[in-house]
Amino acid sequence: FLLEIDNNLVLFTAQNYDDAILLVRLKNPEFVILDLNLPQNKSFGLLKFLKSFHNKIQIIVLSIHVDSHTINQCKKLGVDCFLDKYYEFDKIPEFLNLRKIG
């Protein structure tokens with residue numbers, strides 16, 4: 001989806017907490033898109049790590065759990081954008097200021 005909008009992006013994917021930590025340390029990304037449904041309930045631990053590693057990383061959280069408690073918890077951990085996984089996924093490019101090429 002994002003590569004269709006901007007084919008100059010370099011995207012990496014992680015399947016679990018350990019992979020995500022390793023990728024962030026090695027690649028130092030500008031932004032992270034995190035599904036709160038990370039295996040072993042480590043999503044909030046990853047959020048803490050991301051902001052402590054580099055507080056300039058922009059974090060977008062996608063979740064099916066769109067309730068005030070979850071949103072507030074994410075905001076306290078430094079999340080820049082919280083989106084409903086099913087209904088707001090298409091807002092990611094707008095948040096990242098990506099423009100359709102061509």
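The following paragraphs lead through the confidence, the largest pocket and two surface sites of a predicted model.

Local features need pLDDT of at least 70, side-chain atom pairs count only at pLDDT 80 or more, and totals for chains, interfaces and linings use all residues. Residues are numbered from 1 along each chain as its sequence is written, and side-chain values use heavy atoms, with hydrogens and water left out.

The chain has a mean pLDDT (the predictor's confidence in each residue, from 0 to 100) of 88, and 94% of its residues reach 70 or more. Among the elements (DSSP runs numbered from the N terminus, helices being H or I of at least four residues and strands E of at least two), strand 3 (residues 81–84) has the highest mean, 95, and helix 1 (residues 2–5) the lowest, 81.

The largest pocket (on a 1 Å grid over the protein atoms alone, an open set of points where a 1.4 Å probe fits, with protein on both sides within 12 Å along at least five of seven lines; lining residues have an atom within 4 Å of a point) is lined by 31 residues. Nearest its centre lie Phe-12, Thr-13, Phe-31, Val-32 and Ile-33. Helix 2 (17–27), strand 1 (31–35) and strand 2 are the elements that give two or more residues to this lining. The largest share, five residues, comes from strand 1.

Ile-64 is found in the loop between strand 2 (58–63) and helix 4 (68–76). Its relative accessible area is 47%, so Ile-64 counts as partly exposed (buried is under 20%, exposed over 50%, partly exposed in between, with a 1.4 Å probe and protein chains only). Lys-48, in helix 3 (residues 43–53), is exposed because its relative accessible area is 52%. Lys-48 and Leu-23 are 25 residues apart in sequence and 16 Å apart in space, C-alpha to C-alpha.
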